[in-house]
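Open the model in your viewer and keep the sequence panel beside it. Each stop below says what to select and what is there.

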Amino acid sequence: MITPRVERFAIAISIILILIVLDMVRRRKLRERYSLIWLFVVVAMTVLVAWERLLLSITSLIGATNPSSTLFLFGILFALVILLHLSNKVSDFSTQLRILAKEVAMLNAQLLQVRGAGSNPVEGQGKRQRSEEGQG
Amino acid sequence: MKPCRILVVIPAYNESSNVGRVVQEVKREAPYVDVLVVDDGSTDNTAAAALAAGSLVVKLPFNLGMFEAVRTGFVYADRNGYDITIQVDADGQHVPAEIGALVDPVIKEGFDVVVGSRYLESRGYRTPFFRKVGIRFFAWLTSAVLGQRITDTTCGFRSYGRRAIRMFARYDSAEFKDSVGLVILGRAGLKIKEIPVTVRERAGGRSTISTIKAFIYPFDFVLSLVAVLVRKKLTVPGGEA
């Protein structure tokens, strides 16, 4: 059973999480798009905790014996969804990064060719390399 | 027949001790080709060594892996209007004198991909036992999927015609690695031919395959193959870059 104390505790945690998410959006640490999925998760968990009849009916629907396991189940499911979403984003980013790296390399080669027209391209490349090493 | 522009792509990662020699040998054995070294984010002076040997150089900002380095070469070939691209490894294992044999089927017989095989004829290349078992397995699976006999799927010494170049250059997210690449190209209707090549023992540097990679490779291969088979067939993109 969800006791009033557990309920108060869970709602307090939800409110703190919401505040943290909103604050991160305010400080531009989190894009609005990503904040949405987090806010949705926190609100959904709060509703499950506060609306006891809903929680109980879901519990009997999925055949669980204890309402708190339903809460845990949903918590884990939400976390999984967010992780999947992030994996998807990482895949996108790595593709984009590869494309960008190739474009940079191609542009660099073209730039060297244009600059090196007339002069010795080997020397040009050598100089660039040395100056890079100097910075690093 | 119009003259053919041929680009030899040499992917190189920390190969400063070999790359210059390979570039020079390619230029000597096949004076009719342009040579492009793709420096895959090396930390030594691979790019400078390649330039000194008279090669074109594209330097990636960080290490993307052998395959992406090769693909960078294809993008270069696609944008600069080359008709044929040949991949040659920077460690000096491939024999530049065989470039002609690799190019001929593309020019004269209209093949899109010509794959160098170490095992089509016995030419004394020794392979460690476990690697041989793996290569046999990949070859068998690739042959079955393609409906065409392929004996060596991991040898990098290959030539590609225009249609294959476009496939590689423009499908950014597709993985064309090794045999999976052959399967993608074959499914797109490209014609593949295998010819026997000689592969030398390594002159210097270390093999790119570490123990962990060798262990993961078969799983990666099967997974990529399944991914290719469940996805929609790719078609050859047309038009200019």
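**Stop 1: Lys191(B)**

Select Lys191(B) in this predicted model. Apart from neighbours within four places in sequence, Lys191(B) is in contact with Gly110(B), Phe111(B) and Asp112(B). Put a distance label on Phe111(B): its C-alpha is 5.1 Å from that of Lys191(B), although 80 residues separate the two in sequence. Show the backbone too, and you will find Lys191(B) in the loop between α7 (178-187) and β7 of chain B.

Is Lys191(B) buried or exposed? The answer lies in between: Lys191(B) counts as partly exposed, because 18 C-beta neighbours lie inside 10 Å, and a buried residue needs 20 or more.

**Stop 2: helix α4**

Go to Gly110(B), one of the contacts of Lys191(B). Gly110(B) comes just after α4(B) and takes a positive phi of about 75 degrees. Now select the helix itself, residues 99-109 of chain B. Colour Ile99(B), Leu102(B), Val103(B), Pro105(B) and Val106(B), the buried residues of α4(B). They sit on the same side of α4(B), because they span an arc of only 150 degrees around the axis. Residues three or four places apart on an α-helix point the same way, because there are 3.6 residues a turn.

Turn to the face of α4(B) directed away from the buried side. The exposed residues Lys108(B) and Glu109(B) are there.

What covers the buried residues of α4(B)? Show β1 (6-12), α1 (19-29), β4 (84-87), β5, β6 and β7 of chain B, which are among the elements that do so. The helix α4(B) lies across β1, β4, β5, β6 and β7 of chain B, and runs at about 145 degrees to β4(B).

**Stop 3: strand β5**

Select residues 113-117 of chain B, which make up β5. This strand is mostly covered, with 5 of its 5 residues buried. Show the side chains. Val113(B), Val115(B) and Ser117(B) point one way from β5(B), while Val114(B) and Gly116(B) point the other way.

Add the two partner strands:

- β6, residues 158-160 of chain B, pairs with β5(B) in the antiparallel sense over 3 bridges. Here Tyr160(B) is the bridge partner of Val113(B).
- β7, residues 192-196 of chain B, pairs with β5(B) in the parallel sense over 5 bridges. Here Ile195(B) is the bridge partner of Gly116(B), and Pro196(B) is that of Ser117(B).

**Stop 4: the whole sheet**

Show the strands of chain B together. The open sheet has 7 strands in the order β3-β2-β1-β4-β6-β5-β7, with mixed pairing. Which strands stand at the edges? They are β3 and β7 of chain B; each has a single partner strand, so one side of each has no neighbour in the sheet. From one strand to the next, the twist averages 20 degrees.

Next, add α3(B), which packs on the sheet. This helix touches β1, β2 (34-39), β3 and β4 of chain B, and its direction makes about 155 degrees with that of β1(B).

**Stop 5: where chain B meets chain A**

Bring chain A into view. Here 18 residues of chain B are in contact with 15 residues of chain A. On the chain B side, α2 (46-52), β3 (56-59) and α3 (66-79) are the elements that give two or more residues. Colour that side by class: 12 residues are nonpolar, 3 are polar and 3 are charged.

Definitions and conventions
Residues numbered from 1 in each chain as written. Chains lettered and ligands numbered in written order. Predicted model: local features only at pLDDT ≥ 70, side-chain atom pairs only at ≥ 80, totals over all residues. Buried ≥ 20, exposed ≤ 12 C-beta atoms within 10 Å, placed from the backbone. Helix = DSSP H or I, 4+ residues; strand = E, 2+ residues; numbered from the N terminus. Pairing = 2+ DSSP bridges. Contact = placed C-beta atoms within 7 Å. Nonpolar A, V, L, I, M, F, W, Y, C, P; charged D, E, K, R; others polar. Arc of directions from axis to C-beta. Axes fitted to C-alpha atoms, helices over the stretch in contact; angles between N-to-C directions.
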